[in-house]
Amino acid sequence: MAGGVIASSDGRDYPGKLTFKVFMTCVVAATGGLIFGYDLGISGGVTSMDSFLEKFFPAVYKKEAAVKPSDDQYCKFDSQTLTLFTSSLYLAALIASIFASTITRHFGRRTTMLWGGILFCVGALVNGFADRVWMLIVGRMLLGFGIGCANQSVPIYVSEMAPYKYRGALNMMFQLAITIGILIANLLNYFFSQIEGGWGWRLSLGGAMVPALIIIIGSFCLPDTPNSLIERNHYDEAKEQLVKIRGISNVDEEFNDLVAASEASKLVKHPWATIFQRKYRPQLTMAICIPFFQQLTGMNVITFYAPVLFKTIGFGSSASLMSAVITGSVNSLATLVSIFSVDRWGRRTLFLQGGAQMFICQVIITIAIAAKFGMTGNPGELPKWYAFGLVFFICIYVAGFAWSWGPLGWLVPSEIFPLEIRSAAQSINVSVNMIFTFAIAQVFTSMLCHLKFGLFIFFAFWVVVMSFFIYKFLPETKGVPIEEMSIVWRNHPYWRKFVCSEEDKSTASGGPGSGDIQMGNRVNNA
């Protein structure tokens, strides 16, 4: 595959070390994932609270209360209005991510993160004080604008700040923050649902202000990345910042490569048109396919609707919320595994291992639900050992996602885009993610109603497809400096025909080819 030792012109790697400053900078930036994770966890919890349903979705509440044991349990939450509450956020995030690319390119990654936190904070206030459904939807859309900005800027920021040897682990802090946000939301849902008077859902929704304030304060404390400073012609400040984050005085080689990449990228006046050129076909394909496949793992179904799902398959209301807490805890712990292993074992290994693990668990879960719940979703009296076994395999499935497609779905796209198309490509990545997050959220309850236990088979099929895609088309990017990434495409048996032929044409015409932008000639294949 596209392996090799990445070296400079004199045979040395970029010098530098993982300093405490850059570690803390990446940790603070990665807290931008808290707002996304908190929202993912909170929405499913409040939609399983009877007091929330009774106030805003009385038809769903009456339908749930009127369901008899002999009725189809799979369909009792089937409501497009209810799912619109969850999914409206992701349409807003889609729109925001497109406009955020311009802000990121011209004003820096930090500014985009700041606006993301402000919009999310306002949305949390609107939802916390909501008295009508339209207020919920408006609040959700403001949350979506905030998430779109944060998801567009944070992965890029961390990838540019991190030393390339530790880029994978530091970038996965973003996914860890997402899982921590989910876990906190699940815990709060569980305790707030116990509040007498049924107003705990207001605390759940309004509590989103806390992660929003964290990213707002954090964005004021963070420095701009050297890449962003160079992109905006602040060369002296960029070199000074590079010296600080690398912990050494001699950063000339990396700085010169960053400047060369920036100068070449400035020749690209229209990155949204440029990304569709043939030589960027590998990056465009990954920007679309990786977030598309990430949503079709089925994990967001567990995250959005874990309480609803567990309630549907026989757990009580508070028990279903506690089950969601358990899966959220597994999600966070398993993400730590990926942080410590991604730069040792590589991206492809984790992708393929996680895919196999998810597929096996999905098949087992399907058999278990089909055997006990049948076509009506009514298990009768569900034995505790059976319920625990079902939750166990769901946890193993969650773990497989949490150290593969969860963090890698954000890491790999953020590290493969060359500077001249980086903001536009990341916007495409986030937009595709949000489109299919919206689609899955909107149709999940209908799919559960019609496919029943076959829903897990649907996602298992896609896990097989995406695993083949990774095996066939994704080169290994472990240990490759972000501005040298073009070499993995030139060495790949499939993508080289797109990249190399275009570079040859560009060189012959005297224009800047991808290799000029990425300094890809500095490679010593191992």
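Accessible areas come from the Shrake-Rupley method with a 1.4 Å probe. By that method, the accessible surface of this chain comes to about 19100 Å². Carbon and sulfur atoms hold 67% of that surface. The model is predicted. The chain has 526 residues, and 62% of them are buried. Its elements are 25 helices and two strands.

**Overall fold**

- Contacts in this chain often span long stretches of sequence: among those between residues at least 6 apart, 83% join residues at least 24 apart.
- The largest nonpolar core has 123 residues.
- Phe52, Met286 and Trp405 have the most contacts inside that core.
- Trp405 touches eight residues beyond four places away in sequence: Ile290, Phe293, Gln294, Thr297, Phe351, Met358, Met466 and Ile470.

**The largest pocket**

- The largest pocket holds about 240 Å³ of space.
- Its lining is made of 21 residues.
- Nearest the centre of this pocket lie Ala162, Pro163, Tyr164, Arg246 and Glu254.
- Three helices each supply at least two lining residues: α7 (133-161), α12 (235-246) and α13 (252-266).
- By class, the lining has 11 nonpolar, three polar and seven charged residues.

**The second largest pocket**

- About 160 Å³ of space lies in the second largest pocket.
- Helices α8 (167-192) and α17 (317-345) each give at least two residues to its lining.
- The largest share comes from α17, with six residues.
- The lining includes Ile339, Phe340, Ser341, Val342, Asp343 and Arg344.
- Leu18, Phe23, Tyr166, Ala169, Leu170 and Met173 also line this pocket.
- Nine of the lining residues are nonpolar, one is polar and two are charged.

**Asn233 and Asp236**

- Asn233 sits in the loop between α11 (226-231) and α12.
- Phi of Asn233 is near 70°, a positive value in a residue other than glycine.
- Asn233 counts as partly exposed because its relative accessibility is 47%, between the cut-offs of 20% and 50%.
- Asp236 belongs to helix α12, one of the helices that help line the largest pocket.
- Asp236 is exposed because its relative accessible area is 69%, and the cut-off for exposed is over 50%.
- Asp236 and Pro226 lie 10 residues apart in sequence, with their C-alpha atoms 9.8 Å apart in space.

**Gly207**

- Gly207 is placed in the loop between α9 (200-206) and α10 (209-221).
- Gly207 has a relative accessible area of 17%, and buried means under 20%, so this glycine counts as buried.
- Leaving aside neighbours within four places in sequence, Gly207 is in contact with Tyr38 and Arg202.
- Gly207 and Ala124 are 83 residues apart in sequence, yet 7.1 Å separates them from C-alpha to C-alpha.

**Arg496**

- Arg496 is found in helix α24, which covers residues 496-508.
- With a relative accessible area of 39%, Arg496 is partly exposed, because that class runs between 20% and 50%.
- The C-alpha atoms of Arg496 and Ser486 are separated by 9.9 Å, and the two residues are 10 apart along the chain.

Methods
Residues are numbered from 1 along each chain as its sequence is written. This is a predicted model: local features need pLDDT of at least 70, side-chain atom pairs count only at pLDDT 80 or more; totals for chains, interfaces and linings use all residues. Side-chain values use heavy atoms; hydrogens and water are left out. On a 1 Å grid over the protein atoms alone, a cavity is a set of points where a 1.4 Å probe fits but cannot get out, and a pocket is an open set with protein on both sides within 12 Å along at least five of seven lines; lining residues have an atom within 4 Å of a point. Grid points are joined across faces, edges and corners, and a volume is the space filled by probe spheres set on the points. Helices (H or I, at least four residues) and strands (E, at least two) are DSSP runs, numbered from the N terminus. Ala, Val, Leu, Ile, Met, Phe, Trp, Tyr, Cys and Pro count as nonpolar, Asp, Glu, Lys and Arg as charged, and the others, Gly among them, as polar. A nonpolar core is a set of buried Ala, Val, Leu, Ile, Met, Phe, Trp, Tyr and Cys residues joined through side-chain atoms within 4.5 Å. Buried means under 20% relative accessible area, exposed over 50%, partly exposed in between (1.4 Å probe, protein chains only). Contact means heavy atoms within 4.5 Å.
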